[in-house]
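Please find below some notes on the structure you sent round, set out as numbered points. They are meant to be read with the sequence and the model open side by side.

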Amino acid sequence: MFRLALMIGCILAMPIIITADRSRSAWPTADRYKTIKDYLTKHLDEELLPFWVSPKLNDSALGGYLPFLDNNLEPTGELQSHVIVQLGVLYVHAVAISRTANGELQAKLFRQYQRKLAFLRQKYWDEKKGGFNDYPSDKKVSSASVPKQTRSQVHAINFLTEIYLILGYKDALDLAKDLFSLMDTRGHDSVYGGYTEYYDMPLHDARNRIKSLSVQMHMLLALVRLHQATAAQIYRDRFEEMFRILTVRFETPNFSGNVYNALMYDWTEIPPNDGLETKIIYGHSAELIWYVLEGASVFHKDTKPMIPWLTRLTDALLDAGVNSRGAVYFSGNYVGNVENKTIWWWAQAETMIALLRAYEVTGNVRYWIAFEKVRLWTFRYMVPDRSGTWIASTNSWGFRRAPIRVGGHWQSGFHVTRALLQCTRAFDRLIAQSKTQEFSSQDRSL
């Protein structure tokens with residue numbers, strides 16, 4: 001009886017699973033593409049964006065926002081003040097402004113955006129040396145004694161250029177271009193290529209002994225966005241450099257498809273240790289896949305020669321980093337053995353993009369099926385209701401890990417907003433491609 005009661009208790013404690021077999025996705029057709037696109041668009045416009053730009057989260061007195069929410073979706077009072085998070089919230093506001101047809105709401109969101117931009121400049125921008133401090137200048141630790149991270153500046157270039165592309169705000173683009181000039185002057189390694197981790201520290205400083213995947217791949221995406229905004233030869237030249245580095249240097253030996261999270265300054269392997277720098281971060285692998293594909297599209301590179309590399313990385317991501325139900329693990333070791341099975345919202349979002357883009361380029365139905373599994377798992381376990389929130393993290397069975405409802409790992413609505421936009425744009429291209437193929441088939445039958 002005790003065993004029976006224990007089994008019943010475990011079953012009742014499990015997340016509710018819809019009885020229909022949703023893991024078997026419908027065959028990819030134009031109608032199916034449109035159905036999923038409409039679903040994602042509705043979630044973005046009616047749930048996600050209204051939540052993340054709501055006044056409840058965006059505290060004007062503090063200038064930042066309150067991302068840590070309890071089970072009743074009320075702020076706990078805990079703040080997240082890293083500049084990357086603040087920039088991400090600014091980006092989400094830009095998307096929301098561009099997608100609302102309500103003039104009164106648009107004006108309200110624009111005022112909120114202006115307050116946040118002013119706060120960002122006042123509290124984070126270094127007026128003397130340029131660049132953004134990682135944390136507000138009025139923190140107890142003096143910003144002058146803490147070197148600024150290159151990754152913060154690279155993210156700033158990305159976000160600010162995206163804001164310009166979305167809203168046409170020239171001041172955002174001017175700041176992004178100035179930041180890139182600063183990074184290229186101070187942080188570019190003219191000997192080995194790529195960018196250092198701390199641009200305002202000497203190249204030989206111990207803190208610049210490694211080069212992370214995050215800095216290099218986000219710089220590649222920053223160059224893509226800058227080129228879209230204002231074509232300049234320096235952006236193309238640096239893009240080609242970063243493209244070679246990312247597609248040649250960061251794959252582990254023997255064409256495994258696994259991706260280093262960091263390398264030494266000269267692109268040699270870091271001996272394995274317990275730090276994240278020597279792990280495979282599966283969400284980063286997903287970002288690398290679609291960033292490179294995005295760059296290839298914008299710079300009009302032929303994707304056919306890239307397919308072997310793309311297939312290796314996507315297969316390795318699926319074989320080790322994604323379980324059979326569609327949950328994306330956090331990290332593994334160099335040979336691809338999973339070590340941390342925490343499921344983070346941002347990795348689910350980025351993997352959705354990577355798989356859909358891989359399917360778009362290769363036509364391999366395996367990637368479509370995998371995309372659908374990841375999408376369905378995500379919306380089953382991480383999107384519990386229509387509030388617009390995503391659960392920050394779960395275990396591989398979908399049980400929430402954190403005691404709070406939302407927050408952690410810099411959750412700000414950015415990754416999900418970008419993922420939904422990228423996926424809906426990919427669906428637009430797939431729908432157009434399907435119609436072209438349909439017309440071609442009709443022509444051949446005449």
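1. Histidine 300 has a relative accessible area of 70% and is therefore exposed, and its place is in the loop between α9 (282-298) and α10 (307-321). Although histidine 300 is not a glycine, its phi is positive, at about 55°. Please keep in mind, here and below, that this is a predicted model.

2. A positive phi in a residue other than glycine also occurs at tryptophan 267, where the value is near 75°. Tryptophan 267 is found in the loop between β2 and β3, and with a relative accessible area of 6% tryptophan 267 is buried, since buried means under 20%.

3. The loop between β2 (262-264) and β3 (280-281) also holds tyrosine 265, which is partly exposed at a relative accessible area of 36%. Together with Val191 and Tyr192, Tyr265 forms a nonpolar patch on the surface, and the accessible area of these residues together is about 300 Å².

4. Which residue has its charged end over the ring of phenylalanine 243? The residue is lysine 301, whose charged end sits 4.5 Å from the centre of that ring.

5. Turning to the salt bridges, a search of the whole structure finds 27 of them. In one of these, the side chains of arginine 386 and glutamate 46 meet at 3.8 Å, N to O. Because arginine 386 lies in the loop between α12 (365-381) and β7 (393-394) while glutamate 46 lies in helix α2, the pair ties together parts that are 340 residues apart in sequence. Arginine 386 counts as exposed, its relative accessibility being 56%.

6. Glutamate 277 forms a salt bridge with arginine 209, and the closest N and O atoms of the two are 3.0 Å apart. This pair links distant parts of the chain, 68 residues apart, with glutamate 277 in the loop between β2 and β3 and arginine 209 in the loop between α6 (170-186) and β1 (210-212). Arginine 209 is partly exposed, with a relative accessible area of 37%.

7. Are the partners in the salt bridge between arginine 225 and glutamate 294 buried or exposed? Both arginine 225 and glutamate 294 are buried, and their closest N and O atoms are 2.8 Å apart. Since arginine 225 lies in helix α7 and glutamate 294 in helix α9, the salt bridge ties together parts that are 69 residues apart in sequence. Salt bridges with shared partners join Arg225 and Glu294 with Glu162, Arg357, Glu360 and Arg429 into one network.

8. Helix α7 (residues 213-229), which carries arginine 225, has 17 residues, of which 16 are buried, so the helix is largely enclosed by the rest of the structure. Its length is also as expected, because at 1.5 Å a residue α7 should span 24 Å, and its end C-alpha atoms are 24 Å apart.

9. Helix α3 (residues 83-99) can be read in the same way. With 15 of its 17 residues buried, α3 is largely enclosed by the rest of the structure. The expected span of α3 is 24 Å at 1.5 Å a residue, and its end C-alpha atoms are 25 Å apart, which agrees.

10. The aromatic pairs come to a count of 26. In one of them, the rings of tyrosine 33 and phenylalanine 427 have centres 6.0 Å apart and planes at 40°, so this pair is tilted. Tyrosine 33 lies in helix α2 (residues 30-52) and phenylalanine 427 in helix α13 (residues 414-445), so the pair ties together parts that are 394 residues apart in sequence. Tyrosine 33 is buried, with a relative accessible area of 4%, and phenylalanine 427 likewise counts as buried, at 0% relative accessibility.

11. Another aromatic pair is that of phenylalanine 159 and phenylalanine 414, which is edge-to-face because the ring planes stand at 80°, with the centres 4.7 Å apart. Phenylalanine 159 lies in helix α5 (residues 150-167) and phenylalanine 414 in helix α13, so the pair ties together parts that are 255 residues apart in sequence. Both phenylalanine 159 and phenylalanine 414 are buried.

12. Finally, one aromatic cluster takes in Tyr33 and Phe427 along with Tyr359, Trp368 and Phe371.

Definitions and conventions
Residues are numbered from 1 along each chain as its sequence is written. Side-chain values use heavy atoms; hydrogens and water are left out. Helices (H or I, at least four residues) and strands (E, at least two) are DSSP runs, numbered from the N terminus. The expected span of a helix is 1.5 Å times one less than its number of residues. Buried means under 20% relative accessible area, exposed over 50%, partly exposed in between (1.4 Å probe, protein chains only). Patches are made of residues with over 30% relative accessible area and no salt bridge: like charges are joined within 9 Å, nonpolar side chains (Val, Leu, Ile, Met, Phe, Trp, Tyr) within 5 Å. Accessible areas come from the Shrake-Rupley method with a 1.4 Å probe; for residues, only the protein chains shown count as cover. A salt bridge is a side-chain nitrogen of Lys or Arg within 4 Å of a carboxyl oxygen of Asp or Glu. Rings of Phe, Tyr and Trp (its six-membered ring) pair if their centres lie within 6.5 Å; planes under 30 degrees apart count as stacked, over 60 as edge-to-face and the rest as tilted. A charge sits over a ring if NZ of Lys or CZ of Arg is within 6 Å of the ring centre and within 35 degrees of the ring normal.
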